[in-house]
Amino acid sequence: MIKEKNTYRIMISGGGTGGHIYPAIAIAHAWMEKHPESEILFVGAEGKMEMQKVPEAGYAIEGLPVAGLQRRLTLENLSFPFKLWDSINKARKLIKRFQPHAVVGVGGYASGPLLYVAQRKAIPTLIQEQNSYAGLTNKLLAKKAKAFCVAYDGMEKFFPENRIHFTGNPVRKDILNLSDKKEAALKHFGLDDDKPVILVLGGSLGARTINQAVLASMEYFEEKGYQLLWQTGRFYFEEMADKVENSGLKFIQALEFIKEMDLAYAAADMVISRAGALSVSELSLVGKPVIFVPSPNVAEDHQTKNAMACVNQEAALMLKDSEAVEGLAKKVDELMSDTDLQDRLGKNIKKMGKPNAAREIVEELEALIK
Ligand SMILES: CC(=O)N[C@H]1[C@@H](OP(=O)(O)OP(=O)(O)OC[C@H]2O[C@@H](n3ccc(=O)[nH]c3=O)[C@H](O)[C@@H]2O)O[C@H](CO)[C@@H](O)[C@@H]1O
């Protein structure tokens, strides 16, 4: 074990969406809790969500000009090699200045240049892969990374088996214990305490189909006596909030983005959610009945795989994206009318939770530095 009082410098890189950023922040918190004298520097992509969320969590971040390669042929792709070159140069300078003991990559193209430079300088790199299907950047960095902290079985398809550690995804600490938060949560969101609360989550950016499905069913939900806490995502918020306002419905609450996810989970009686890796990991710790509506627009349909890992353990229900608009109300009824099913799903999903993930990742990182 490394000494507790030393100053370690750790760089953490990646982002693009909450699914990469929040695990990165959870790792940083767990590291600082154990090694409070350390310095942490995040590296993200200019203009992306991490440039706002990371400083809000109390850490410094530098942005690289890197951009993702579009799958379609676009003009933007022409500038890709130049941005990559600039990013590698900036990564080189950052590493020279910060002199990290180790570099952590959490996926998303922002982590590519930094880990590439670190690996060429023989600085140990650890990759945290959140999904059941490895992202492109992580696959490209796999050969020289020293450790892979994963959340799903079967990751030896992508990474060398002897360096894989099955830690689970690191989640924010405040959702680990929700038992005494319900009352405060209802108050925080101005919810009624005798109407069931349905929490609707579209992943960190919101989900168009889920929003359309809620729009199609919201009158019915209100008639049934439910109240909805509905995260629309920032791209859809104005339109959805207008529609709620014009409908005159009283118990449908549209929110752009929820900062206090612990309170949202605590308030909920059931959850409708996209099946991004972190949402699934968090919901596994929360232990409430869930209907997953996986996004069909992600590499290798990995959200369906994430959701099916739960469905196969009778730990959640799943509704296909293509059936969501027509089928959401019926699926919600199926769950809300069956309290045994609610209990079973809640208990089974909780068994899948990995509450020590962040701590275990910190231990792997310590082992690399040593
Ligand atoms: C469309 C897309 O590319 N999705 C990917 C993205 O998902 P996305 O970024 O949506 O990520 P996840 O579902 O994994 O996690 C969402 C995170 O955002 C937080 N949150 C969400 C809503 C909100 O209002 N407030 C809030 O704080 C959640 O608590 C969670 O920590 O990264 C994941 C992890 O690599 C992938 O599995 C997803 O397939």
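At what angle do helix 3 and helix 4 pack, and how far apart are their axes? I began my notes with this pair, keeping in mind that the model is predicted. I looked up helix 3, which covers residues 80-98, and helix 4, which covers residues 111-120, and found that they pack at an angle of about 55° with their axes 8 Å apart. I therefore noted the two helices as oblique to each other, and I added that helix 3 passes helix 4 in a right-handed crossing.

**Helix 1 and helix 14**

I turned next to helix 1 and to helix 14, the latter made of residues 357-369, and saw that their axes come within 9 Å and cross at roughly 70°. Angles from 65 to 115 degrees count as roughly perpendicular, so helix 1 is entered here as roughly perpendicular to helix 14. The crossing of helix 1 and helix 14 is right-handed.

**The sheet of 7 strands**

I then followed an open sheet of 7 strands, whose order I wrote down as 3-2-1-4-5-6-7, with parallel pairing. Its edges are strand 3 (60-64) and strand 7 (164-166), each of which pairs on one side only. From one strand to the next, the twist averages 20°. Looking at the edge formed by strand 3, I found 5 bridges joining it to strand 2 (residues 39-45), and these two strands run parallel. Within this pairing, A45 stands opposite L64 of strand 3.

**The sheet of 6 strands**

I also traced an open sheet of 6 strands, again with parallel pairing, in the order 10-9-8-11-12-13. Here strand 10 (252-255) and strand 13 (317-318) are the edge strands, and each pairs on one side only. Strand 9, residues 227-231, runs parallel to strand 10 and is joined to it by 4 bridges. For Q231, I found the bridge partner in strand 10 to be L255.

**The ligand**

Where does the ligand lie with respect to domain 1 and domain 2? Domain 1 (9-170 + 355-369) and domain 2 (177-351) both give residues to the shell around the ligand, so I placed the ligand between them. I noted 26 residues surrounding the ligand, the closest being T17, G18, G19, G203 and G276. At least two residues of the shell come from each of helix 1 (18-34), helix 10 (277-286) and helix 11 (302-311). By residue type, I recorded the shell as 15 polar, 9 nonpolar and 2 charged residues.

Definitions and conventions
Residues are numbered from 1 along each chain as its sequence is written. This is a predicted model: local features need pLDDT of at least 70, side-chain atom pairs count only at pLDDT 80 or more; totals for chains, interfaces and linings use all residues. A residue is near a molecule or strand if its C-beta atom, placed from the backbone, lies within 6 Å of it. Ala, Val, Leu, Ile, Met, Phe, Trp, Tyr, Cys and Pro count as nonpolar, Asp, Glu, Lys and Arg as charged, and the others, Gly among them, as polar. Domain bounds come from an automatic or database domain assignment. Two strands pair if DSSP finds at least two bridges between them. Axes are lines fitted to C-alpha atoms, for helices over the stretch in contact, and angles run from 0 to 180 degrees between N-to-C directions. Angles under 35 degrees count as roughly parallel, over 145 as roughly antiparallel, 65 to 115 as roughly perpendicular and the rest as oblique. A crossing is left-handed if the near helix is turned anticlockwise from the far one by less than a right angle, and right-handed if clockwise.
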